[in-house]
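The following note sets out some remarks on helix packing for the attention of a colleague. The points are numbered for ease of reply.

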Amino acid sequence: LHYARWMRVHEVPYKDVLYKVELPTETWPAQDIRKCHVLHLAAQFAPPAERPALRERAAFFFERSLADVLSFTSAYLTRPLVILCVYGHVHGYYQTHRDDDRVEAALAYSFAPASPFEPQKRRWRRALPERIRRLAAKVGRAGLERLGWRRYYTRPSRL
């Protein structure tokens with residue numbers, strides 16, 4: 001929330017500061033859609049009084065990102081399209097699920113007590129005898145099948 005509050009006040013669209021970038025491309029404005037995502041997530045966890053301001057700023061970055069990307073003649077290259085395809089649906093989702101109470105439900109979740117740490121090497125050593133037994137049984141069955149002794153160790157079918 002601290003970062004999102006800072007973003008809401010200080011963050012500007014990349015197109016406004018594109019003169020500072022060595023290679024100004026359409027990918028920079030496409031990245032603004034990620035700011036929209038961060039602000040929407042923060043709005044879910046923010047106190048109710050702060051949510052409208054965060055959502056408003058998220059909508060600003062969404063609209064501005066699309067407009068800025070489309071201002072380039074190379075707007076249809078792969079990199080900006082991939083960024084927009086991955087994050088573009090997020091704004092629509094949060095608009096339709098504004099007052100979703102799943103966040104409060106997730107925060108109220110009660111986790112089970114932590115189990116004591118056991119090194120992987122100890123778990124591996126404890127499981128090794130059982131794994132060796134299973135491997136020996138498989139090898140034994142494969143050997144018997146290879147020798148043609150299948151009929152001696154299979155159960156007869158019940159009719």
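Which residues are buried in α3?

1. The model is a predicted one, and this point takes up the question above. In α3, the buried residues are Arg51, Leu54, Arg55, Arg57, Ala58, Ala59, Phe61, Phe62, Ser65, Asp68 and Val69. The spacing may be read against a general property of the fold element: an α-helix has 3.6 residues a turn, so residues three or four places apart point the same way.

2. The geometry of α3 itself is consistent with its length. Helix α3 covers residues 51-70, and because each of its 20 residues counts for 1.5 Å, a span of 28 Å is expected. The C-alpha atoms at its ends lie 29 Å apart, which agrees with that expectation.

3. The first packing partner to be discussed is α2, which comprises residues 27-45. The axes of α2 and α3 are 8 Å apart, and the packing angle is about 165 degrees. Since angles over 145 degrees count as roughly antiparallel, α2 is roughly antiparallel to α3. The crossing of this pair is left-handed.

4. The contact between α2 and α3 involves the following residues. From α2 come Pro29, Ala30, Asp32, Ile33, Lys35, Cys36, Leu39, His40, Ala42, Ala43 and Gln44. They meet Arg51, Leu54, Arg55, Arg57, Ala58, Phe61, Phe62, Ser65, Asp68 and Val69 of α3. By class, the residues of this contact comprise 12 nonpolar, 3 polar and 6 charged.

5. The next partner is α4, formed by residues 78-96. Its axis and that of α3 come within 12 Å and cross at roughly 150 degrees; the two helices are therefore roughly antiparallel to each other. The crossing of α3 and α4 is also left-handed.

6. In the contact of α3 with α4, α3 contributes Ala58, Ala59, Phe62, Ser65, Leu66 and Val69, while α4 contributes Pro80, Leu84, Gly88 and His91. This contact has 7 nonpolar and 3 polar residues, with no charged residues. Ala58, Phe62, Ser65 and Val69 of α3 are among the residues that meet α2 and also take part in the contact with α4.

7. For the wider setting, the protein chain has 7 helices and 0 strands, in the order α-α-α-α-α-α-α along the sequence. Of its 159 residues, 26% count as buried. Among contacts between residues at least 6 apart in sequence, 67% join residues at least 24 apart.

Methods
Residues are numbered from 1 along each chain as its sequence is written. This is a predicted model: local features need pLDDT of at least 70, side-chain atom pairs count only at pLDDT 80 or more; totals for chains, interfaces and linings use all residues. Side-chain values use heavy atoms; hydrogens and water are left out. Helices (H or I, at least four residues) and strands (E, at least two) are DSSP runs, numbered from the N terminus. The expected span of a helix is 1.5 Å times one less than its number of residues. Buried means under 20% relative accessible area, exposed over 50%, partly exposed in between (1.4 Å probe, protein chains only). Axes are lines fitted to C-alpha atoms, for helices over the stretch in contact, and angles run from 0 to 180 degrees between N-to-C directions. Angles under 35 degrees count as roughly parallel, over 145 as roughly antiparallel, 65 to 115 as roughly perpendicular and the rest as oblique. A crossing is left-handed if the near helix is turned anticlockwise from the far one by less than a right angle, and right-handed if clockwise. Contact means heavy atoms within 4.5 Å. Ala, Val, Leu, Ile, Met, Phe, Trp, Tyr, Cys and Pro count as nonpolar, Asp, Glu, Lys and Arg as charged, and the others, Gly among them, as polar.
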